[in-house]
Amino acid sequence: MYRVETLSKYDFFKDKIRENSMSHILDSLTGVIARPVIIEFVQEMIRQRIPFTLAIIDLDNFKSINDNFGHDQGDEVLKKVSGDLIDYLGDDGLLGRIGGDEFLMINFKYLTYDEIHEYYEGMCINDTVFRKALQLNGGKTYISSTIGSANFPNDADNYNDLFALIDKALYRGKSKGRNCYIIYVERLHKHLSVQKLSKHSLLLTMKNLANAFDTGENLRVALARVGQPLCAELHILDCYYIRKNGEVFRFSDGICIGMADDIGNIVEGFSYHTDDYSELEKLCPNTYEMIQKLQIDTILVVRIIYKNKDHGFLLCPGEYIRRLWQDEEQALAFFVGRMIAEFEERNAL
């Protein structure tokens, strides 16, 4: 929680504190700066032409924390994250809360792309702020965030344009699978549309996947053709189909690369995902051996169910530890698995 002595370092807040109590300046739950005040502060820094980096920080899958653990535990997560962010930011800037699970960070020290890139990386390693597990009443939850960032005055010279850029960068991060930070770069992001990024249609994606799959004259070709758009949606390099007998086929070329006939020992429900392979090594040694050979950091395994029967699994490899697999991503994997199961009943590989 911010204190008078911390905020009084800024002339803007000296005046605010004289005019108002701290309860009017700070967010009542987290103790960071309240939405209208942090926005006014940013606008004042722009008026004074003081350079800074601005970022929206959005907690990933926060709704699921409230749903699974209760809103009181969700509040505890917000307070914990706020405290960690304040400690990490230190005297380099200030933090405000602008929405339920959204924060606005202003940083006066790190202004270049390389500097802020390293700064955000530091937030996401060694359990500093994000990409770490928190113990809550009822179990553990994994905390990560998506960050959109831009610089004043290099990227925009007024508040509305600057906020539009960080909002665009945030949605770009969400479209890439969340759990990442996007620093606005004009040549990369200028022509991106928030509307297109935020209204990406799951129905249209499923239609495109079905069209790609249906053009395959055999399963090997169908896997290759559906694999390209599927991997693009999931932000992975390849995908694997595990048949009911345990044979593992790579989507990109349809080649059988090994056996995972024991994967069912660990997938109890619809799906399974992990980056901790200790349990997998014990219960599924064949699958573990294959994953080690492929050098996969984290996996999502989705059970293929068709006509109330198991027809194998889809295995999706993540490229970095503790990836968050979204419900929509799991739904797409299940959808592709269903198409494969239907094809298998009609044809042979």
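**Close-up views of a predicted model**

**View 1. The hairpin of strand 4 and strand 5.** In strand 5, Lys140 is the bridge partner of Gln135. The model shown here is predicted, so to speak only of what it supports, local features need pLDDT of at least 70 and side-chain atom pairs pLDDT 80 or more, while totals for chains, interfaces and linings use all residues. Residues are numbered from 1 along each chain as its sequence is written, and side-chain values use heavy atoms, leaving out hydrogens and water. Strand 4 (residues 132-136) pairs with strand 5 in the antiparallel sense over 5 bridges (pairing takes at least two DSSP bridges; strands are DSSP runs of E with at least two residues, helices runs of H or I with at least four, both numbered from the N terminus). Together strand 4 and strand 5 make a hairpin with 2 residues between them, and Gly138 in the turn has a positive phi of about 105°. Strand 5 (residues 139-143) has 4 of its 5 residues buried, so the rest of the structure largely encloses it (buried is under 20% relative accessible area, exposed over 50%, partly exposed in between, with a 1.4 Å probe and protein chains only).

**View 2. The largest nonpolar core, seen around Phe130.** This core holds 61 residues, and Tyr2, Phe13, Met123 and Phe130 touch the most other members (a nonpolar core joins buried Ala, Val, Leu, Ile, Met, Phe, Trp, Tyr and Cys through side-chain atoms within 4.5 Å). Helix 4 (residues 35-47) supplies the largest share of the core, 7 residues. If you set aside neighbours within four places in sequence, Phe130 is in contact with Ile57, Leu59, Val81, Leu85, Met123, Cys124, Ile143, Ser144 and Ser145 (contact is heavy atoms within 4.5 Å). Another core of 29 residues lies apart from the largest one, and its members include Leu209, Ala210, Phe213 and Cys231.

**View 3. Aromatic pairs.** Searching the whole structure turns up 16 aromatic pairs (Phe, Tyr and Trp rings, the last by its six-membered ring, pair with centres within 6.5 Å; planes under 30 degrees apart are stacked, over 60 edge-to-face, the rest tilted). One of them is the tilted pair of Tyr120 and Tyr181, with 5.8 Å centre to centre and 55° between the planes. This pair links distant parts of the chain, as Tyr120 is in helix 7 (residues 113-123) and Tyr181 in strand 7 (residues 180-183), 61 residues apart. Both Tyr120 and Tyr181 are buried. Tyr159 and Phe163 also make a tilted pair, because their ring centres are 5.8 Å apart and their planes stand at 40°. Tyr159 and Phe163 are 4 residues apart in helix 8 (residues 159-175), so about one helical turn separates them. At 15% relative accessibility Tyr159 counts as buried, whereas Phe163, at 23%, counts as partly exposed. Elsewhere, ring pairs link Tyr10, Phe12, Phe13, Phe41, Phe52, Phe108 and Phe152 into a cluster.

**View 4. The five-stranded sheet and helix 7.** Here 5 strands form an open sheet in the order 2-3-1-6-7, with mixed pairing. Strand 2 (93-97) and strand 7 are at the edges with a single partner strand each, so one side of each has no neighbour in the sheet. From one strand to the next the twist averages 15° (axes are lines fitted to C-alpha atoms, for helices over the stretch in contact, with angles from 0 to 180 degrees between N-to-C directions). Strand 2 pairs with strand 3 (residues 102-107) in the antiparallel sense over 5 bridges, and Gly93 has Asn107 in strand 3 as its bridge partner. Helix 7 packs on this sheet and touches strand 1 (52-59), strand 3, strand 6 (145-152) and strand 7; the directions of helix 7 and strand 7 make about 165°.

**View 5. The six-stranded sheet and helix 15.** This open sheet has 6 strands in the order 10-9-8-13-12-11, and its pairing is antiparallel. Strand 10 (256-259) and strand 11 (271-274) are the edge strands, each pairing on one side only. The twist averages 20° from one strand to the next. Strand 11 pairs with strand 12 (residues 298-306) in the antiparallel sense over 4 bridges, with Tyr272 opposite Val301 in strand 12. Helix 15 (residues 327-346) packs on the sheet, touching strand 8 (240-242), strand 11, strand 12 and strand 13 (309-318), and its direction makes about 45° with that of strand 12.

**View 6. The whole chain, for orientation.** The chain has 15 helices and 13 strands, and its C-alpha trace spans about 75 × 45 × 30 Å along the principal axes. Of its 349 residues, 50% are buried. Among contacts between residues at least 6 apart in sequence, 62% join residues at least 24 apart.
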